[in-house]
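The following note is offered for consideration alongside the sequence and the coordinates. Its points are numbered for ease of reply.

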Amino acid sequence: MFKIQDIENIGYDLNGHQKLNAKKEITSRKAFGNISNARGILKNAKDVKALKNKDCHKVSIKPEVEKQKANVTAKLANTKVSYDGTRSINLPDYTDDIYNYLFKLESVLSIRKNYFLEKTHFNSAVRSVVVEWMLQVCSRFEMDASTFQLSVSLLDRYMQIVDINKEDIQIVACSVILIGGKFEELLIPPYEDFLYVTDNIFTSDDIQNMEIDILTLSHIEYLASKYLIDICLMDSKLCHIPPSQSAAAASLLVQKLSKIDSFINYEDITSYSKRSLEPIVRRICIDILQIKSVGHFMTVYKKNCEPKMHFVSENVMFKDKALLKLFASGVF
């Protein structure tokens, strides 16, 4: 708060010096407070009446602003209303890239046809019962349709890798619903609600441990690929390989070692043919076999054998020496 006294008009003379002409007290006021006192400053102005009559609200818009406004109006006219009533703006500049990425991601994360035929307790009939039960739970908790769809996808992607007991299938179903809800929902049901709908046949700790197992196993292929890329960087015979080609070879080897052929056309996804990646894959297999026998690249091995890396260098896929020797000889 401040106060100005004895000042009415501040002007300048011909020499550029300030001059004070009259004495008038202007009442002080607080910033962002009542601004009614501000009109007292203009009481002695000759053009107060003209200022009142002046239309101060009509401001001319510059041509650039008008052009931007026209562009926004045209873009809004191009919008479409989605199924849930929200407006989504078409972005033709990015549409092709977005859809190309989604199609490639879909092919990489695809689910094997009739994978449940390889399982002991999880067959087609059991899967139908489990998925129907998951739909009932999602409806009971008023979850979004995208949560149910993501949960079923996570169920299939997890079950095609593991072969679990019949008693644990319902724990997996609850866990994938919770994981899907954490991606799609603002609020998710507490663990107690899932214990209630399953008649308390397991505890909340069981669900949490299963969530960790699902996320770890879904992430293990990515960690394994990073481990193999580290080996490529350590090997002097592979230092001339472009990073994209090393990553493609590491991904191909992980897919082969995990015995999951989850891609449709590898060349379309990575732009490298399998034939061009075979020499790199053979060399990586030789390096893996020499890690413990010869002691090469032990630093990389120990780095990827830590808990934060989920002990990926000790994963079962890298312990199959017979398969590694087969790949090292050039047989895929």
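1. Lys-182 and Glu-211 form a salt bridge in which the closest N and O atoms are 2.8 Å apart. Lys-182 belongs to helix 6 and Glu-211 to helix 8, so the pair ties together parts that are 29 residues apart in sequence. The two partners differ in cover: Lys-182 is partly exposed, with a relative accessible area of 48%, whereas Glu-211 is buried at 5%. Please note that the model under discussion is predicted.

2. A second salt bridge joins the side chains of Lys-303 and Asp-230, at 3.1 Å from N to O. This pair links distant parts of the chain, with Lys-303 in helix 12 (residues 298–303) and Asp-230 in helix 8, 73 residues apart. Lys-303 is partly exposed, its relative accessible area being 42%; Asp-230 is buried, with a value of 17%.

3. Asp-235 and Arg-283 also meet through their side chains in a salt bridge, at 2.7 Å from N to O. Asp-235 lies in the loop between helix 8 and helix 9, and Arg-283 in helix 11 (residues 274–293), 48 residues away along the chain. Asp-235 is buried, with a relative accessible area of 4%. A network of salt bridges links Asp-235, Arg-283 and Asp-287. The structure holds six salt bridges.

4. Helix 5 (residues 145–159) reaches 21 Å from its first C-alpha to its last, close to the 21 Å expected for its 15 residues. Its buried residues include Phe-148, Val-152, Leu-155, Asp-156 and Met-159. Among the elements that cover the buried residues of helix 5 are helix 4 (124–140), helix 6 (169–184) and helix 8 (204–234).

5. Helix 9 (residues 243–257) has 15 residues, and its end C-alpha atoms are 21 Å apart, in agreement with the expected span. Buried positions in helix 9 include Gln-245, Ala-249, Leu-253 and Leu-257.

6. Which residues form a nonpolar patch on the surface? They are Tyr-94, Ile-98, Tyr-99, Tyr-101, Leu-102, Phe-103, Leu-105 and Leu-109, with about 850 Å² of accessible area together. Ile-98, in helix 3 (residues 92–108), is partly exposed, with a relative accessible area of 46%.

7. On cysteines, the structure holds zero disulfides. Cys-239 is exposed, with a relative accessible area of 60%, while Cys-305 is partly exposed at 23%.

8. For the chain overall, the secondary structure comes to 13 helices and four strands. Of its 332 residues, 30% are buried. The chain exposes about 22700 Å², of which carbon and sulfur atoms supply 55%.

Terms used
Residues numbered from 1 in each chain as written. Predicted model: local features only at pLDDT ≥ 70, side-chain atom pairs only at ≥ 80, totals over all residues. Heavy atoms only, no water. Disulfide = S-S within 2.5 Å. Buried < 20%, exposed > 50% of the residue type's maximum accessible area, 1.4 Å probe, protein only. Helix = DSSP H or I, 4+ residues; strand = E, 2+ residues; numbered from the N terminus. Expected span 1.5 Å × (residues − 1). Patch = residues over 30% accessible without salt bridge, like charges linked within 9 Å, V, L, I, M, F, W, Y side chains within 5 Å. Areas by Shrake-Rupley, 256 points an atom, 1.4 Å probe, with all protein chains shown as cover. Salt bridge = Lys/Arg side-chain N within 4 Å of Asp/Glu carboxyl O. Contact = heavy atoms within 4.5 Å.
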